[in-house]
Amino acid sequence: MTAQGEGYWDIDRLAAELGTVRRRWRQGQDHHAEYGAEGFPSRASLTKIMAALCGALFPLRLGPSFVRLHNEDAYVAQTLQTALSRLYGQIRLELIYTMQGEASEDLDREASRIIGAFAQSLPALRELLDSDVEAAFLGDPAARSVDEVLICYPSMMAITHHRLAHRLYQLGAPLVARIISEIAHSSTGIDIHPGAKIGRSFFIDHGTGVVIGETAIVGDRVRIYQGVTLGARSFPADEKGRLEKALARHPIIEDDVVIYSGATILGRIIIGSRSVIGGNVWLTDSVPADSNVRQAKAHYEVTSRVEVSAPHRVHALVEEGDGIAENI
């Protein structure tokens, strides 16, 4: 065997064949030129940028261990300067694709507009996130402090990333926004498209398996549990069979709604204010305000736990006559 196994492959041939496949793909997708010809927003870079922005928003809890009250303002200023500069670079890489043929100064102007508006939004986004932290603390009896919510709850990571990604999505950087959302999705199992509009005091309890689609609208003080889907019911196609984009196809959830685990809500329907959607409900029709939607009761049979336990264990406990069998 040759060193490092190179005898098992022909690198030159593999590289040439992969090049042929790439060129064939690009030629076939000439209506949708491939990202990356001039560069591509980096998921690794955006992961670091998001960690820095989270630290700048919550310096004493999500920042590095050296941050204290006496130096947090300096830390925030320095961190924002670096993170926003790097985010500007990632946004510009996206614009190279979306503004093909535009002059370099026009790319710079648009990237500057986006990053400037995004930066100005950060104080308001921090206040919005404060309402989410408080909603989690008030809505979960297991939460002992708002600090615990912020540090420990995966839903807060997902919501923080979503709030920032949604703002970038609004401003005209949807690819960077989508990458940011997928960073949180990979870490938390909570999939929120950056296009989704979510109101104040939003709480996701547990969170694993939650899916919120691009055109979903969620009101204020909404609480949802793990496994909830706010999805699309159908996907219309154009005359060439291609899916039509950006249609309003996801639910509208009004204020003060609670959606329990495993519920699936599909299509452009409206869940009225203060409604409660029970666990494992499949819903494709709108419901009025103050509704209580529950799954039909299942038929089941209850048998004695003693009868279905291991016989030798049951007999031994019964013979002892100490009453343990009653609690098996």
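In this predicted model, helix 5 bends by about 45° at leucine 122, and a proline, proline 123, follows within four residues of that point. The helix runs over residues 104-139, and its 36 residues reach 50 Å from the first C-alpha to the last, which is close to the 52 Å expected at 1.5 Å a residue.

Helix 5 is one of 10 helices in the chain, which also has 14 strands. Of the 328 residues, 39% count as buried, while the accessible surface comes to about 18,800 Å², with 53% of that area belonging to carbon and sulfur atoms. Among the contacts with a separation of 6 or more, 46% are accounted for by residues 24 or more positions apart.

Helix 8, residues 174-188, can be followed in more detail. Its 15 residues reach 21 Å from first C-alpha to last, close to the 21 Å expected at 1.5 Å a residue. The buried residues of this helix are Leu175, Val176, Ala177, Ile179, Ile180, Ser181, Ile183, Ala184 and Thr188, and the elements against which the buried residues pack are helix 2 (43-57), helix 4 (72-98), helix 7 (154-171) and strand 1 (191-192). After the helix comes glycine 189, with a positive phi near 75°.

Serine 181, which lies within helix 8, has a relative accessible area of 5%, and because this falls under the 20% cut-off, serine 181 counts as buried. Once its neighbours within four places in sequence are left aside, serine 181 is in contact with Ala165, Ile192, His193 and Pro194. Of these contacts, Ala165 falls within the range of helix 7 and Ile192 within that of strand 1.

The strands offer a further element to trace, since 4 of them form an open sheet in the order 2-5-8-11, with parallel pairing. Strand 2 (197-198) and strand 11 (270-271) stand at the edges, and each has a single partner strand, so one side of each is left without a neighbour in the sheet. The partner of strand 11 is strand 8 (residues 252-253), joined to it in parallel by 2 bridges, and within this pairing isoleucine 252 has isoleucine 270 of strand 11 as its bridge partner.

Confidence in the model should be read alongside these features: the mean pLDDT of the chain is 87, and 85% of its residues reach 70 or more. Over residues 322-328, however, pLDDT stays under 50, and for this stretch the model has 9 contacts beyond four places in sequence.

Note on methods:
Residues are numbered from 1 along each chain as its sequence is written. This is a predicted model: local features need pLDDT of at least 70, side-chain atom pairs count only at pLDDT 80 or more; totals for chains, interfaces and linings use all residues. Side-chain values use heavy atoms; hydrogens and water are left out. Buried means under 20% relative accessible area, exposed over 50%, partly exposed in between (1.4 Å probe, protein chains only). Contact means heavy atoms within 4.5 Å. Accessible areas come from the Shrake-Rupley method with a 1.4 Å probe; for residues, only the protein chains shown count as cover. The expected span of a helix is 1.5 Å times one less than its number of residues. The bend at a residue is the angle between axes fitted to the seven residues ending there and the seven starting there. pLDDT is the predictor's confidence in each residue, from 0 to 100. Two strands pair if DSSP finds at least two bridges between them.
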